[in-house]
Amino acid sequence: AKSGAAAARATAPRAPSLLYPTPQNYIVVTDPQKNGTGMGAYTDYAVIMKLEGHDPYHVRRRYSHFFWLREGLKRMMPAFPIPALPPKSNPFRFSKNKIVRVIGLEWFLNGVLNNPCLAKTILFKRFLTDSGDFAISQKAEDANMKSFDPAKIITERFRAELKVLDSYTVPKQIDLRAIDNLKIVELTNFMKKYVKALRNLVATSQQANNRMKVTLDSADGLKRIFSIVAEKEKEETSVPKDYKRYDLGTVIVGWKNLLETRPEAYDILISVFQRDLLHAKGVLDALDARKKLAGTFKKQFKIEDRFKAKPPSDPVGIKRRETEKARLQALTTALDIVDMLLIGYHMDVFWGGVKRRFDSVADHFCKDQLAMAENEVRFWQALEKDVDLAIREVKSPTSKSS
């Protein structure tokens with residue numbers, strides 16, 4: 001049986017983090033418990049969803065359930081950035097990594113919750129609310145997802161659900177060059193460098209000696225990456241400012257300044273970098289899904305080339321060519337939509353989240369600093385009144401006579 005303290009941890013959500021955009025709606029992952037022994041051991045967690053106006057939902061989930069949810073979301077929302085999961089740790093080293101893993105799992109779920117397109121999927125709802133045998137739900141959903149066609153989901157579901165695609169028009173021409181979108185190539189290279197620099201910063205922050213110094217040096221590495229982008233934009237004025245729309249170089253300078261002036265902010269700033277890393281990995285996964293979609297498009301294009309070289313004359317062959325051509329058109333539209341979303345919409349969401357988290361932390365510590373200053377002013381004002389009162393008492397006739 002659980003102790004009273006453990007039961008309280010499992011049922012009482014912590015205060016929502018200032019890193020979440022909607023503090024009244026949040027998910028808490030807590031109370032990790034190790035089950036079984038030896039190679040069959042596993043850990044499950046209490047997942048508590050708190051929505052404004054509703055009672056909290058309580059379920060317990062294993063790491064494999066989180067992994068299943070993310071893989072399912074990747075299939076339901078092709079080339080859509082899904083926040084990454086923290087690595088699965090060795091069960092024999094459970095105590096060493098459990099805190100980092102619990103926080104990472106919580107960030108993952110809140111990242112999904114705060115994305116309307118992901119939050120309303122049936123997979124996410126089942127994960128959070130199904131209190132029965134979750135394996136049955138997994139099998140049912142896996143069976144449904146076997147028939148999923150990425151191109152169809154992108155061309156139909158995305159256009160129906162994403163307002164940013166309301167005015168989208170289907171490309172008239174089918175062009176093999178569409179698979180080599182230079183902006184996507186540049187974005188992929190940039191995100192790889194960004195993830196590598198973020199990973200280095202998070203790793204160096206865990207050093208025992210001079211961790212503040214090495215973290216500041218690592219922040220310089222991030223700043224240099226954004227400086228390279230800025231220089232490229234100056235040289236090629238025709239290139240849209242897709243990667244620096246929120247001036248992330250200035251944000252990194254702000255991180256450094258906050259670290260240098262408020263060392264007590266260190267832990268929360270590192271947690272922000274860790275969360276940014278999970279989201280950046282999600283963008284890289286989306287770019288990788290786009291690469292696979294481009295590979296499918298290329299294969300379909302070759303099929304159309306063979307039909308052009310040797311047009312079919314029989315009814316069956318003609319019908320098959322029409323089917324393959326429609327498939328190629330759907331892939332062309334899907335690839336075009338994915339590119340537009342990645343370069344515009346998804347990167348706006350990603351950089352906007354990075355900047356919002358920075359503004360939240362900076363505002364939090366600025367308010368804290370302002371409160372300290374106000375308390376100090378009140379102290380000196382009170383002291384000044386006490387001194388004035390003492391002086392008046394000394395100068396008063398009654399005090400002289402006494």
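In helix H2, the buried residues are Tyr63, His65, Phe66, Trp68, Leu69, Arg70, Gly72, Leu73 and Met76, as read from a predicted model. Residues three or four places apart point the same way in an α-helix, because such a helix has 3.6 residues a turn. Helix H2 comprises the 14 residues 63-76, for which a rise of 1.5 Å a residue gives an expected span of 20 Å, and the end C-alpha atoms are indeed 20 Å apart, so the two values agree.

A second helix, H3, covers residues 94-113 and includes Asn110. With a relative accessibility of 0%, Asn110 falls under the 20% limit and therefore counts as buried. The side chain of Asn110 makes a polar contact with the backbone oxygen of Glu106, at a distance of 2.8 Å.

Strand E2 (residues 42-50) pairs with strand E3 (residues 57-62) through six bridges, and the two run in the antiparallel sense. Ala46 has Arg60 of E3 as its bridge partner. The two strands, E2 and E3, form a hairpin in which six residues lie between them, and within the turn Gly53 adopts a positive phi of about 85°.

Considered as a whole, the protein contains 13 helices and three strands, and 41% of its 402 residues count as buried. Among contacts in the protein with a separation of 6 or more, 71% are between residues 24 or more positions apart. The area that the protein exposes amounts to about 22,300 Å², of which 56% is supplied by carbon and sulfur atoms.

Key
Residues numbered from 1 in each chain as written. Predicted model: local features only at pLDDT ≥ 70, side-chain atom pairs only at ≥ 80, totals over all residues. Heavy atoms only, no water. Helix = DSSP H or I, 4+ residues; strand = E, 2+ residues; numbered from the N terminus. Expected span 1.5 Å × (residues − 1). Buried < 20%, exposed > 50% of the residue type's maximum accessible area, 1.4 Å probe, protein only. Contact = heavy atoms within 4.5 Å. Areas by Shrake-Rupley, 256 points an atom, 1.4 Å probe, with all protein chains shown as cover. Polar contact = N/O pair within 3.5 Å; in protein donor to acceptor, adjacent residues only side chain to side chain. Pairing = 2+ DSSP bridges.
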